[in-house]
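Dear colleague,

Please find below the structure I am handing over to you. My findings follow it.

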Amino acid sequence: MDKRKVAVIGCGFVGATCAFELIESGLFLEMVLIDVDKKRSEGEAMDLSHGSAYSHAMKIYAGDYDDIYDAGMIIITAGANQKEGETRLDLVRKNVKIMKSIVEEIKKRNCEGILLIVSNPVDILTYVALKVSGFKPHRVIGSGTVLDTARLRYVIGERLMVDSRNVHAYIVGEHGDSEVPIFSTASISGIHMNHFAQLRGYFDYEGMIQEVYEDVKNSAYEIIKRKGATYYGIAVAVKRICEAIIKDEHSILPVSSLMEGAFGFFDLCLSVPTVLGRDGVEMLVDIYLNNDEFDKLEYSSKTLRTVIEELEEEGLI
Ligand code: NAD
């Protein structure tokens, strides 16, 4: 297996933007692009490789599944995206079929790399990819709430007039409507967020965090209403996940992965803070949650588990 080789499957808005961000990152030496629409992957590969003279030496090409057997990272962004008024869970049946067909191809090539699922609903599709591939759970990761957490940190940073890189706060649970912000331990470089907010003149803290949460939860809907799709934020999130894995950073990111007892949840994928290294998931971090946060996370897990059970009943997984 070649750790410096990446495959991107699905070359629409998200796949192409992730590819661009990964090229700029310099993390990989080889990139293969795959799409059911071969002209599209060829066009993207040509366009992306034309920046090489001013970027990084890298082999970029459109290929097919035989090209990915030795890829260290396989990123799946294929599938329908949300239309205005659609939730991520509305996409489920269409995208489960697409995900199964892709992962069956990957499985046939005896790949040893790490699968990173980005297509929505990401938690359900990560679970489908895990079941269909038969890979060990540490190798099957969903981008989960890494993007939502970035949005949370950005919105808090804007409100409190502080660099979002100094904001320590997570969104956990489903990447979707039942996602849960963890404010009880949120801090600005070690100072509890409540205290920092007061220093910045916010005295209705509960009102402020509710507004922050609504802003974050509705971000994708607001972007889709204006431009039809979201792709830059997720591309940076995907780059960050790849970086943590390829550089064996042991960074903590809220990716989606199989729950095997963490927080009392089993047999579903959702996001909790996770230590990531060269083999993918190293450890789930059992962060403190207050009762309200735990109840919301439990509701999020039940929402996802219900969808999995429906898909099982329909014979889709
Ligand atoms: P898009 O329609 O622009 O692109 C989808 C691409 O997938 C198309 O090029 C299509 O030809 C390809 N495709 C479809 N079936 C395929 C198959 N069987 N094999 C290979 N390629 C196939 O959509 P988009 O805006 O790029 O969104 C892609 C996915 O990413 C959607 O599910 C969207 O909801 C999701 N998304 C996830 C996040 C996140 O945070 N996880 C953020 C944004 C978008």
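An oxygen atom of the ligand lies 3.0 Å from a polar backbone atom of Phe-13, a polar contact being a pair of N or O atoms within 3.5 Å. The model is a predicted one, in which local features need pLDDT of at least 70, side-chain atom pairs count only at pLDDT 80 or more, and totals for chains, interfaces and linings use all residues. Residues are numbered from 1 along each chain as its sequence is written, and side-chain values use heavy atoms, without hydrogens and water.

Two nitrogen contacts of the ligand may be added. A nitrogen atom of the ligand is 3.2 Å from a backbone N or O atom of Val-36, and a nitrogen atom of the ligand is 3.2 Å from a polar side-chain atom of Ser-143. Around the ligand there are 26 residues (one heavy atom within 4 Å suffices); those that come nearest are Val-14, Asp-35, Ala-80, Asn-81 and Val-118.

Phe-13 also belongs to the contact between helices H1 and H2 (contact means heavy atoms within 4.5 Å). Helix H1 (residues 13–25) packs on helix H2 (residues 38–49) at about 25°, with the axes 11 Å apart; H1 is therefore roughly parallel to H2 (angles under 35 degrees count as such). From H1 the contact also takes Ala-16, Ala-19, Phe-20 and Ile-23, and from H2 Arg-40, Glu-44 and Leu-48. By class, six of these residues are nonpolar, none polar and two charged.

Helices H3 (residues 92–108) and H4 (residues 122–133) cross at roughly 35°, their axes coming within 9 Å. Their contact comprises nine nonpolar, two polar and three charged residues.

Yours faithfully

Note on methods. Axes fitted to C-alpha atoms, helices over the stretch in contact; angles between N-to-C directions. Helix = DSSP H or I, 4+ residues; strand = E, 2+ residues; numbered from the N terminus. Parallel < 35°, antiparallel > 145°, perpendicular 65-115°, else oblique. Nonpolar A, V, L, I, M, F, W, Y, C, P; charged D, E, K, R; others polar. Polar contact = N/O pair within 3.5 Å; in protein donor to acceptor, adjacent residues only side chain to side chain.
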